[in-house]
Amino acid sequence: MRVVFLGTPEFGVPSLKALVNAGYEVAGVFTQPDKPKGRGNKMLPSPVKSCAMALGIPVFQPVKIRVDGVNDLRDLRPDLCVTAAFGQILSQEILDIPRIGTVNVHSSLLPKYRGSAPINWAIMEGETVTGVTTMMTDKGLDTGNILLKREVAILPGETAEELTARLAPIGAELLIETIRGLEAGTVRRVKQDENEASYFPMLKKEMGEIDWRLSAHQIVCRVRGLTPWPGSTFTWGGGEAVKVWKAEEAENLGKVPGEILCADAKNGLVIAAGEGAVRVIELQAPGGKRMNAKDYLRGHPVSYTEVELTEEKHG
RNA sequence: CGCGGGGUAGAGCAGUUCGGUAGCUCGUCGGGCUCAUAACCCGGAGGUCGAGGGUUCAAGUCCCUCCCCCGCAA
């Protein structure tokens with residue numbers, strides 16, 4: 001069985017490796033073009049590209065696969081295409097190329113949390129269970145027929161970064177199971193229930209600005225869900241934006257949202273929310289590195305009494 | 001050459017402008033107070049100031065070279 005793999009970030013790497021380990025012939029890998037990244041704007045390959053090259057698999061990096069990648073894909077004559085966080089929309093022309101079809105590994109329990117950031121949104125919405133779904137890709141956005149699903153519990157306090165790392169290998173496992181099932185004819189294609197469906201948008205940087213009028217629970221969930229990108233920030237003093245890496249719910253002593261309840265090395269940093277209060281455990285000041293809030297306060301005495309409320313930004 | 005910040009005691013920082021005894025908060029160790037304590041008081045230990053070279057009577061501080069870390073932007 002000739003397979004072509006399409007993926008970009010770290011999430012897809014375990015799936016690609018699993019395909020190879022399971023003995024499938026991976027004829028080619030499509031991934032997003034290298035982009036200037038990091039300090040000095042060096043060009044960096046995507047994690048999937050690095051992996052593919054290490055495995056000696058030909059790599060293709062069309063800017064828009066549905067425009068300049070069609071011929072390359074067709075030449076590979078795939079029996080099956082597999083996508084895992086590829087980052088580009090596939091056209092019907094692309095979907096028609098593989099003989100069997102295109103299987104997508106999606107990190108939510110479809111039809112819930114369609115969209116490009118399902119892990120982040122599930123955490124932000126306060127879910128305690130999510131999972132991975134394999135589906136036959138169709139022209140809609142995560143609307144294709146469902147093949148297999150696996151539930152995974154979201155651990156208390158878990159961040160999107162941690163959950164993504166946990167879900168990636170589970171997705172890889174499910175992918176192999178799915179393909180074997182397709183080959184054996186034991187996997188059914190189940191239409192998605194549109195009444196159960198939900199779609200959540202791409203993440204935007206502004207979503208990280210903390211609205212202190214929300215409840216402490218909501219704020220903490222958002223902080224977890226937006227880690228590591230775009231991260232959650234609040235503003236105090238002379239417009240200094242502080243990034244919150246880790247936070248937990250705390251008691252509010254009847255103060256108004258945004259009021260700083262304490263900010264010193266002994267008691268840590270606690271800020272009043274709309275309901276309850278938020279204890280900032282780990283933070284990062286502009287130009288600084290990520291550190292424990294108490295460590296930060298040791299060298300940076302804080303005289304402010306409140307932080308800016310800002311407004312929740314929806315997608 | 002995309003823009004910028006930084007490396008000083010176990011942790012977080014000040015000191016560098018204008019060279020002249022190595023400081024602060026915390027931790028740690030010892031002692032004291034207390035029914036008790038993460039609280040308070042007293043005392044101590046702990047630093048080749050990222051590396052190398054240069055200037056100087058004298059360099060954390062000035063000059064040159066190098067290494068490492070981090071933020072923004074994507």
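Two strands pair if DSSP finds at least two bridges between them. That idea opens the first view of this predicted model.

**View 1. Strands E1 and E6 run side by side in the sheet.** Strand E1 covers residues 2–7, and strand E6 covers residues 80–84. Five bridges link E1 and E6, and the pairing is parallel. Look for Leu6: across from Leu6, in E6, stands Thr83. Strands of a sheet pair through backbone hydrogen bonds, either parallel or antiparallel.

**View 2. Seven strands build an open sheet.** Read across the sheet in the order E5-E2-E1-E6-E7-E8-E9. The pairing is mixed. Which strands stand at the edges? They are E5 (59–60) and E9 (146–153). Each has a single partner strand, so one side of each is left without a neighbour in the sheet. Helix H7, residues 160–184, packs on this sheet. H7 touches E6, strand E7 (101–106), strand E8 (129–136) and E9. The directions of H7 and E9 make an angle of about 150°.

**View 3. Helix H1 crosses helix H7.** Two packed helices are described by the angle between their axes and the distance between the axes. Here H1 spans residues 13–21. The axes of H1 and H7 come within 8 Å. They cross at roughly 40°, and the crossing is right-handed. From H1, the contact uses Pro14, Ser15, Ala18 and Leu19. From H7, it uses Ala168, Pro169, Gly171, Ala172, Leu175, Ile176 and Ile179. What classes of residue make up this contact? Nine are nonpolar and two are polar, with no charged residues.

**View 4. The protein surface meets RNA strand B.** Around RNA strand B sit 19 residues. The closest are Lys37, Arg39, Lys205, Gly288 and Asp295. Of the atoms of RNA strand B that come within 4 Å of the protein, 56% belong to sugar and phosphate. By class, this surface has eight charged, eight polar and three nonpolar residues. Strand E3 (35–37) and helix H9 (293–299) each supply at least two residues. H9 gives the most, with four residues.

**View 5. Three side chains reach different parts of RNA strand B.** Which part of the RNA does each side chain approach? For Lys205, a polar side-chain atom lies 2.4 Å from a phosphate oxygen. For Arg298, a polar side-chain atom is 3.2 Å from a sugar or linking oxygen. For Arg39, an N or O atom of the side chain is 3.1 Å from a base nitrogen.

**View 6. Two cis peptide bonds precede prolines.** Most residues other than glycine have a negative phi, and most peptide bonds are trans. The bond from Leu110 to Pro111 is cis, with omega near 10°. Pro111 belongs to the loop between E7 and helix H6 (118–124). The bond joining Trp229 and Pro230 is also cis, with omega about 0°. Find Pro230 in the loop between helix H8 (216–225) and strand E10 (232–236).

**View 7. Ala85 has a positive phi.** Where does Ala85 sit? Its place is the loop between E6 and helix H5 (92–95). The phi of Ala85 is near 50°. That is a positive value in a residue other than glycine.

How values were computed. Residues numbered from 1 in each chain as written. Chains lettered and ligands numbered in written order. Predicted model: local features only at pLDDT ≥ 70, side-chain atom pairs only at ≥ 80, totals over all residues. Heavy atoms only, no water. Contact = heavy atoms within 4.5 Å. Axes fitted to C-alpha atoms, helices over the stretch in contact; angles between N-to-C directions. Near = heavy atom within 4 Å. Polar contact = N/O pair within 3.5 Å; in protein donor to acceptor, adjacent residues only side chain to side chain. Nonpolar A, V, L, I, M, F, W, Y, C, P; charged D, E, K, R; others polar. Left-handed = near helix turned anticlockwise from the far one by under 90°.
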